[in-house]
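Biologist: I would like to learn how to read the surface of a protein model. Please take me through it one feature at a time.

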Amino acid sequence: MDYSELITLLYAVGNVMSSVTLVLLNKRVFSNGFAYPMTLSFFHFVFTIGFYEALRVCGVYVRPEQQMPRFEKFKVAFAGFASIGFMNLSLTYNSVGFYQVTKLIMVPVTLAINSVVYSVTTNGKVKLSLLLVIAGVGVATVTDVQLKPLGFGFGCAAVLATAMFQIFQGTKQKEFGLSGTQLQAAIAPWQSTQALIVAGAAECVCWAGVPCETAIDYFAEAAEPKHAYTLTLVLGTCFIALLVNFTSFGLIGKTGPITFQVRSYVLSTEHCVVVSVAPS
């Protein structure tokens, strides 16, 4: 095994472990009463900005010489923000099993987008292999699916946004000669701005005309033991989300979105299915 293969393997293992941890930790945060997925996404993006700025000050991270155009940053950032936001909404309204099924569907959706938009085709043998893999892991997770209309809508939106985001991760790294960390750092400010706007409008204001607990109200009661514990978990999700993004960008840059999706789903299904049957 050469150095490049070793790095790819480390990205894959790290992504599996961090992704499974993040899904379960996010689910625990939501079940504990922090029902503000967009606010949670905002924290993740701001944490990413702070992390890379600290690395830059310490001389560990170097900004790329070739900068992406602003529109390209916005486009990739929006796809990433929509992906994370809708995934969190899907996880809020559905079981972990349904979350896994949405990841399963991403494989054929990504194939279709690559074929229609980018004219990237896949041969019949690969498609057959993917079909067998999808059928096998689909049987393993379908027993845990708890389908809700609103959650189903969020799941469909998450599939489309995530497929586009992962395609962008691979194409933009190659197009502008960026590493995974450089691309992640470039789009994080745009993602945090987008998340702040949506979270402020959707989760910090009561629109129904009746009293409700907003994200601001939740933080006002941060001294309460249950809220303090949950907010500690929120901080933990920021670290895990950073690791997920780091390994995802790196792995997609070295393999591609299809390989990433198959690897991610097959390797993480066993862990998530086993744990998801336990009560929240």
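The talk below goes from the fold to the surface patches.

Modeller: This is a predicted model, in which local features need pLDDT of at least 70, side-chain atom pairs count only at pLDDT 80 or more, and totals for chains, interfaces and linings use all residues. Residues are numbered from 1 along each chain as its sequence is written, and side-chain values use heavy atoms, with hydrogens and water left out.

Biologist: How many helices and strands does the protein chain have?

Modeller: Helices (H or I, at least four residues) and strands (E, at least two) are DSSP runs, numbered from the N terminus. The protein chain has 10 helices and 0 strands.

Biologist: What share of the residues in the protein chain is buried?

Modeller: Buried means under 20% relative accessible area, exposed over 50%, and partly exposed in between, with a 1.4 Å probe and protein chains only. Of the 280 residues in the protein chain, 48% are buried.

Biologist: Is Met17 buried or exposed?

Modeller: Met17, in helix H1 (residues 3-31), counts as exposed because its relative accessibility is 56%.

Biologist: Which residues make a nonpolar surface patch with Met17?

Modeller: For such a patch, residues need over 30% relative accessible area and no salt bridge, and nonpolar side chains (Val, Leu, Ile, Met, Phe, Trp, Tyr) are joined within 5 Å. A salt bridge is a side-chain nitrogen of Lys or Arg within 4 Å of a carboxyl oxygen of Asp or Glu. Here Leu6, Leu9, Leu10 and Val13 join Met17 in a patch of about 460 Å², an area from the Shrake-Rupley method with a 1.4 Å probe.

Biologist: Which residues form a negative surface patch?

Modeller: Like charges are joined within 9 Å, and Asp and Glu count as negative. The patch consists of Glu213, Asp217, Glu221 and Glu224. Glu224 lies in the loop between helix H8 (215-220) and helix H9 (225-254), and counts as partly exposed because its relative accessibility is 39%.

Terms used
The place of a charge is taken as NZ of Lys, CZ of Arg, CG of Asp or CD of Glu.
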